Amino acid sequence: MSKYTIRGGNKIEGRLAIRGAKNSILPIIAATILNESVSTIHNVPDISDVYVMIKILESIGCKVKYEDGTLVVDSSNISSMEIDEHYVRKMRSSIIVMGAMIGRLDYTKISHPGGCAIGSRPIDLHLNALKELGVRIEEDDGFIKCFKDKLVGSTINFEFPSVGATENTMLAAVKAKGTTKIYNAAREPEIEDLQDFLNSMGAKVRGAGTNYIEIEGVETLHEVEHTVIPDRIAIGTYMVASAMTGGCLEVDRVIIPHMEPISDKLRAAGCNIEYKGNGLVMTPPKIIQAIDLVRTSPHPGFPTDMQAQLMSLMALSNGTSVFHETIFENRFMHCAELTRLGANIKYITENICMIKGVANLHNAKVKSPDLRGGAALILAALTINGETEVSNIYHVERGYENIEQTLRSLGAEILKIENLEKVKGC
Ligand code: UD1
């Protein structure tokens, strides 16, 4: 497995330009299946999850070109109605193609994504919504078969505002007959980006960003060109890197309301954040302030995807902070690894922990437990004198474009060591 070695102690400072959001581009790539035409998408991040989606599209017959951050998909011809299980196993969120496939075709089959490290992650809300739209679903042997006996607008009431279920419903409803009304829809910014993309190809979707989304079905869609919104989670991660190392960070392009749930917590930790034009400038705290309670919740609450990184920051705060993870049942795996680096963390329950700031962390060999947990370990390592090793970095590469180059350009001493097994011959 590849790993990063990090010699910490340098300030992470300077100017940061971040490409498009992982959580936007994945459903947008799925949406390209719908228009039976060409989609040109700019600001696409070079991350491994994008390559999995590209492989999925190619496996069903789409022609795909990805160069310099621009992705061109021609979905005129679809040659396969089934999604290879291999891809769903590689990336759980590939379930997002289900809504688009059944929107376009009369039948599709996809492997059940199952759980993952951070939780059981059922897809009952996705499947119930598709059934509401008239899709007949058979689950057998770990696979989901969808039959489009009919696809009609309907009213969906989500009992929880699931991001993926909201997106899958939008994708299926775009070409349904009649109007679909989604109540208690997820409000994440990436859902607005999906709406913008769909509307640019001729769909009639409104309300994304609020908890009520309405989709009026259309018969045909057309070519589309779109630029993905900046990745608020990647930006937030680098802001924490600067806050932890005492550096000032300028971010070129942000969408202010998207950043606020993260900026709000960083301000509470003592950071100064000023929005300037389309960007922001962050000045680090002199002393990192403990935040009494950090509770994750659906947007516009504090995002679960920033919980691990903020915990790294609190590891060096001047007091005690309590973290309550409410979205996923097993998203504290980074705690054990942060503890190896000297953080003082105590579990209160499976989803509540208490972290008491320490003056310094110390080096150790740690393993990325998942995407954001891995990022949290890198952040911690940036503050530690001497060499810290972070392995299992394939998790991190799923969602951060060239993280080691980006950090190096901001002052970090970080090296990627590829395929250790091959080097050692084991
Ligand atoms: C998306 C994001 C992920 C983020 C999460 C929450 C993408 C590609 N991924 O994941 O980065 O952490 O939103 O903001 O956009 N649930 C059910 N039944 C369902 C669906 C979800 O019980 O049918 C539960 C999940 O197990 C989880 C919670 O709802 O506990 C939130 O899941 P959801 O909002 O669906 O997250 P994802 O779309 O998987």
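Before starting, a convention: Ala, Val, Leu, Ile, Met, Phe, Trp, Tyr, Cys and Pro count as nonpolar, Asp, Glu, Lys and Arg as charged, and the others, Gly among them, as polar. Also keep in mind that this is a predicted model.

**Exercise 1.** Work out how the residues of the shell around the ligand divide into nonpolar, polar and charged.

*Solution.* Start with the head count: 19 residues surround the ligand. Asp124, Leu125, Ser162, Asp305 and Ile327 are the closest. Now sort the shell with the convention above, and you get 7 nonpolar, 6 polar and 6 charged residues.

**Exercise 2.** Find which helices each supply at least two residues of the shell around the ligand.

*Solution.* Two helices fit the bill: helix 5 (124-132) and helix 6 (163-173). Next, look at the shares: helix 5 gives the largest one, with 3 residues.

**Exercise 3.** Track down polar contacts of the ligand, using N or O pairs within 3.5 Å.

*Solution.* Take the ligand nitrogen first: a polar side-chain atom of Asp124 is 2.7 Å from a nitrogen atom of the ligand. Then go to oxygen, where a backbone N or O atom of Val163 lies 2.8 Å from a ligand oxygen atom. Finally, a side-chain N or O atom of Arg331 sits 3.5 Å from an oxygen atom of the ligand. As for cover, the ligand taken alone exposes 740 Å², and the protein buries 85% of that. And the place? The ligand sits in the largest pocket.

**Exercise 4.** Decide whether helix 1 (residues 22-31) is mostly covered or not.

*Solution.* Use the cut-off of under 20% relative accessible area for buried. Going along helix 1, Lys22, Ser24, Ile25, Leu26, Pro27, Ile28, Ile29, Ala30 and Ala31 pass the test. That's 9 of its 10 residues buried, and helix 1 is mostly covered.

How values were computed:
Residues are numbered from 1 along each chain as its sequence is written. This is a predicted model: local features need pLDDT of at least 70, side-chain atom pairs count only at pLDDT 80 or more; totals for chains, interfaces and linings use all residues. Side-chain values use heavy atoms; hydrogens and water are left out. A residue is near a molecule or strand if one of its heavy atoms lies within 4 Å of it. A polar contact is a pair of N or O atoms within 3.5 Å; within protein, one must be able to donate a hydrogen and the other to accept it, and residues adjacent in sequence count only if both atoms are side-chain atoms. Accessible areas come from the Shrake-Rupley method with a 1.4 Å probe; for residues, only the protein chains shown count as cover. On a 1 Å grid over the protein atoms alone, a cavity is a set of points where a 1.4 Å probe fits but cannot get out, and a pocket is an open set with protein on both sides within 12 Å along at least five of seven lines; lining residues have an atom within 4 Å of a point. A molecule sits in a cavity or pocket if more than half of its atoms lie within 2 Å of its grid points. Helices (H or I, at least four residues) and strands (E, at least two) are DSSP runs, numbered from the N terminus. Buried means under 20% relative accessible area, exposed over 50%, partly exposed in between (1.4 Å probe, protein chains only).
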